[in-house]
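Q: I am new to protein structures and would like to look closely at one part of this one. Could you walk me through a single helix and its surroundings?

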Amino acid sequence: MPKARLCVADIACWVIKSRTPPPDLLAGWSRGETRQLTRCIRANYRVEVMEPGQRCLLWLSGQRQPGVQAIGTLSTPASRPSDSGPDDADLAVTASLRMLLDPVPRASWLSDHELSRAEVIRIPLGSNPSYLDPERFSVLRTFISPRDLVGAGW
């Protein structure tokens with residue numbers, strides 16, 4: 001039975017999802033370029049273990065080229081956006097993300113025994129943030145070019 005709550009040791013990489021392709025999130029963002037991206041995340045217990053410097057990735061959902069589009073690290077802790085009201089349930093986190101030269105498509109995840117069991121695949125409609133455990137993270141790294149790994153600080 002899975003653990004009820006995650007701790008820092010369970011998380012090798014945060015998964016931040018978007019239905020919007022990276023160039024539409026930040027105008028002019030191109031492959032191999034690193035940008036700061038702020039995304040909404042659900043206010044739940046997971047934000048308690050999110051810390052600047054932890055690895056993260058940007059997962060593109062939907063039908064058009066789904067999969068890992070960018071990798072990097074969290075730049076800020078989770079916080080309420082400055083334009084939120086007292087009843088807003090969402091928080092935001094900023095990450096420094098390098099758009100991959102070669103994205104890792106969802107099809108690669110589905111064809112791999114370990115990656116196909118990742119939360120982002122098992123629960124595709126789950127809220128942000130999702131995560132990769134150390135075992136699945138080590139497999140993911142084999143799908144990413146050394147140039148992107150170094151460029152993202154992984």
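A: Here is a tour of one helix, followed by the strands and the aromatic pair around it.

This is a predicted model, in which local features need pLDDT of at least 70, side-chain atom pairs count only at pLDDT 80 or more, and totals for chains, interfaces and linings use all residues. Residues are numbered from 1 along each chain as its sequence is written, and side-chain values use heavy atoms, with hydrogens and water left out.

Let's start with the whole chain. The protein chain has five helices and six strands; helices (H or I, at least four residues) and strands (E, at least two) are DSSP runs, numbered from the N terminus. Along the sequence, their order is β-α-β-β-β-β-α-α-β-α-α.

Now to helix α4, which covers residues 134-141. Its residues Arg 136, Phe 137, Val 139 and Leu 140 are buried, where buried means under 20% relative accessible area, exposed over 50% and partly exposed in between (1.4 Å probe, protein chains only). Looking down the axis of α4, you find these buried residues within an arc of 160 degrees, so they line one face of the helix. The arc is taken from the directions that lead from the helix axis to the C-beta atoms.

What do they pack against? The partners of the buried α4 residues are β1 (13-18), β3 (55-60), β4 (67-74), β5 (90-105), α2 (106-111) and β6 (130-132). Contact here means heavy atoms within 4.5 Å.

Take β5 from that list. Strand β2 (residues 34-42) pairs with β5 in the antiparallel sense over nine bridges; two strands pair if DSSP finds at least two bridges between them. One of the matches sets Gln 36 against Ser 96 in β5. Strand β4 also runs antiparallel to β5, joined by seven bridges, and Ile 71 stands opposite Arg 98 in β5.

Two other partners of α4, β3 and α2, bring us to the aromatic rings. The structure holds two aromatic pairs. One of them, Trp 59 with Trp 109, is edge-to-face, at 4.8 Å centre to centre and 75 degrees between the planes. Rings of Phe, Tyr and Trp (its six-membered ring) pair if their centres lie within 6.5 Å; planes under 30 degrees apart count as stacked, over 60 as edge-to-face and the rest as tilted. Trp 59 lies in β3 and Trp 109 in α2, so the pair ties together parts that are 50 residues apart in sequence. Trp 59 is buried at 3% relative accessibility, and Trp 109 is buried at 0%.
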